Amino acid sequence: MAAETDTTAVADRGAAAPAARRPRPVTTETPLTRALLLAVGLAYLALFLFLPLAAVFTEALRDGLDGYLASILEPDTLAAIRMTLLVAALAVPCNVVFGIAAAWAVAKHEFRGRSLFVTLIDLPFSVSPVIAGLVYVLLFGSSGVLGAWLQSHGITVIFALPGIVLATIFVTFPFVARELIPLMQEQGTGDEEAAVSLGASGWQTFRRVTLPNVKWGLLYGVLLCNARAMGEFGAVAVVSGRIRGETNTMPLQVEILSNEFPLSAAFAVASLLALLALLTLALKTFLEWRYGDEMSSSQPGH
Amino acid sequence: MSSAANGGRARRSRGPHPPSAGASGQRAWFHKPSVVPGFGLTFGFAVTYLALVVLVPLGVLLLRATGVGWSGFVQTALDPRTLAALRLTFGASFAAATINAVFGVLLAWILVRYRFPGRRLLDAAIDLPFALPTAVAGLTLAALYSRNGWIGQLFAPLGIRIAYTPLGVGVALLFVSLPFMVRTVQPVIEEIDREVEEAAATLGATRLQTVVRVVLPSLVPAMLTGYALAFARAIGEYGSVIFVAGNQPYVSEIVPLLIVFRLEEFNYPAATAIATLMLLISFAMLLFVNLVQAWSRRRFGYGS
């Protein structure tokens with residue numbers, strides 16, 4: 001009944017509008033102001049977002065498709081691609097496990113110092129990537145706190161894979177947790193209490209009740225975490241040593257190639273990373289659009 | 001959480017019964033008893049992981065900084081090259097955050113209030129600087145703003161060079177800090193009750209007066225948060241800047257790059273001192289954001 005009156009009301013308004021030339025609503029600007037603001041905003045975005053994006057692909061394809069493929073299939077570049085994939089494959093799952101554990105503890109339980117704990121989780125976002133790399137050099141480097149001990153045991157962390165993975169874990173630390181915590185807090189503990197009272201074990205409760213409730217939010221967090229893990233430059237640059245073909249990741253390869261000729265090789269690698277960014281944005285937008293109500297309102301990320 | 005590793009603390013086997021019987025006063029004080037299991041395991045793991053990955057390494061940095069000593073610290077901080085880098089980093093970050101404050105509010109307003117084709121696409125594109133690796137951003141901006149780049153060639157006849165000068169630093173920081181203001185202000189604009197604007201209009205306010213005196217003041221906490229986030233990101237930014245800045249000592253060298261240089265010279269005391277200084281500034285920003293949000297929740301009833 002109510003719905004019916006609503007539609008007729010809308011239809012009436014729609015029909016009356018062109019005839020009566022309704023006055024401009026007081027809660028909006030004049031059409032001229034609106035057009036002006038829109039033009040300024042779009043120009044700004046064009047200058048700082050769309051033009052750089054277009055430039056990546058134009059520059060990458062400057063030497064034609066053959067040159068583009070040759071740059072990507074260059075052995076050092078392929079090694080960098082493998083390295084980036086490997087680092088992400090190691091770092092992201094670590095932060096997923098942490099994110100789930102932290103969210104479970106924070107959202108499904110009440111304990112002292114909870115807000116401090118949540119603040120500390122966000123800490124890596126306010127630390128410069130360079131400092132994130134530096135702390136591991138000070139800890140594991142040859143003159144670091146554990147340097148001598150590691151050396152005597154023949155373990156290399158800095159200028160090797162473990163250091164790169166650690167630095168990547170540091171900079172991508174909060175992504176999954178900060179996505180899951182608000183979401184699981186909103187959902188409360190009712191479902192879990194019901195499952196437990198019906199005899200489910202803790203693991204069963206998580207696996208069959210909690211996980212299906214948060215799966216899209218989790219995917220969202222993993223997506224952002226992965227994008228940052230694959231694209232991180234500063235922290236990784238400090239700990240990797242940039243050994244070609246060995247400890248170079250794709251962003252580091254971009255930097256090395258940018259000092260060489262032809263520049264299109266650097267842009268070719270950069271275009272792969274740009275594609276990753278576009279794919280991430282597309283999936284992220286899709287998740288927000290399709291499952292937005294099953295995810296917490298996302299906070300500004302990094 | 002069916003883990004034996006958690007020993008007696010796992011409450012899985014207790015099933016549906018509240019674990020009040022065995023909970024000591026000490027534990028109830030720390031952790032409110034709950035039917036949902038797994039607190040010991042998840043909290044224990046999360047805290048250990050947080051400590052090992054984040055807190056201990058940062059603690060080591062602070063510890064090494066105390067080893068530098070106060071005089072060494074002051075000496076490093078007051079070194080002309082450090083001072084020049086600090087001036088550039090803070091000056092460029094301040095400029096970038098301020099420009100993005102203006103455009104960020106404008107963009108958030110457009111995205112929330114106006115309907116136009118491509119709005120969704122634009123909304124998604126705002127996050128591009130978050131998603132695009134900084135090395136890609138730096139490489140591209142350097143190409144665009146260099147003397148024969150698409151944008152650089154427009155400024156070259158005027159005698160303005162952008163890439164490889166301090167202006168290049170500003171351009172890179174504008175790019176990386178763009179989303180912060182938009183994304184913090186946008187949800188607040190969505191929440192604004194239009195009736196307030198209608199009330200202002202019925203009381204005779206012009207549209208400009210309504211926006212300036214009614215709408216903008218309610219955005220202030222979110223704007224402060226967005227500004228601080230953008231600023232904090234800008235002072236720590238490294239990847240994109242080093243491609244566009246030219247990196248001349250005293251002229252276009254930013255603080256994070258100086259840390260890297262000191263590290264490559266194996267001058268650990270100087271690297272540690274500068275990094276500690278930056279870290280303390282970052283923590284101050286974080287504290288500021290948290291205070292603003294607490295104040296905003298009390299004053300306006302929402303956190304941004």
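**Briefing: a contact across chains and unusual backbone geometry**

Apart from its neighbours within four places in sequence, Ala131(B) makes contact with Ala277(A) and Leu281(A). The model is a predicted one, and the points below take up the setting of Ala131(B) before turning to backbone features in chains A and B.

**Ala131(B) and its surroundings**

- Ala131(B) belongs to helix 6 of chain B, which covers residues 128–131, and its contacts outside the local sequence are with Ala277(A) and Leu281(A).
- Ala131(B) is classed as buried because its relative accessibility is 9%, where the cut-off for that class is under 20%.

**A cis peptide bond in chain A**

- Most peptide bonds are trans, and most residues other than glycine have a negative phi.
- The bond that joins Phe261(A) and Pro262(A), by contrast, is a cis peptide bond, with omega at about -5 degrees.
- Pro262(A) lies in the loop of chain A between helix 13 (250–258) and helix 14 (263–291).

**Positive phi angles in chain B**

- Asn247(B), although not a glycine, has a positive phi of about 55 degrees, and its place is in the loop of chain B that runs between helix 12 (239–245) and helix 13 (255–264).
- Asn247(B) counts as partly exposed because its relative accessibility is 22%.
- Phe266(B) is likewise not a glycine and has a positive phi, of about 60 degrees, and this residue sits in the loop between helix 13 and helix 14 (268–300) of chain B.
- Phe266(B) counts as exposed, since its relative accessibility is 59% and the exposed class begins over 50%.

Technical notes. Residues numbered from 1 in each chain as written. Chains lettered and ligands numbered in written order. Predicted model: local features only at pLDDT ≥ 70, side-chain atom pairs only at ≥ 80, totals over all residues. Heavy atoms only, no water. Helix = DSSP H or I, 4+ residues; strand = E, 2+ residues; numbered from the N terminus. Buried < 20%, exposed > 50% of the residue type's maximum accessible area, 1.4 Å probe, protein only. Contact = heavy atoms within 4.5 Å.
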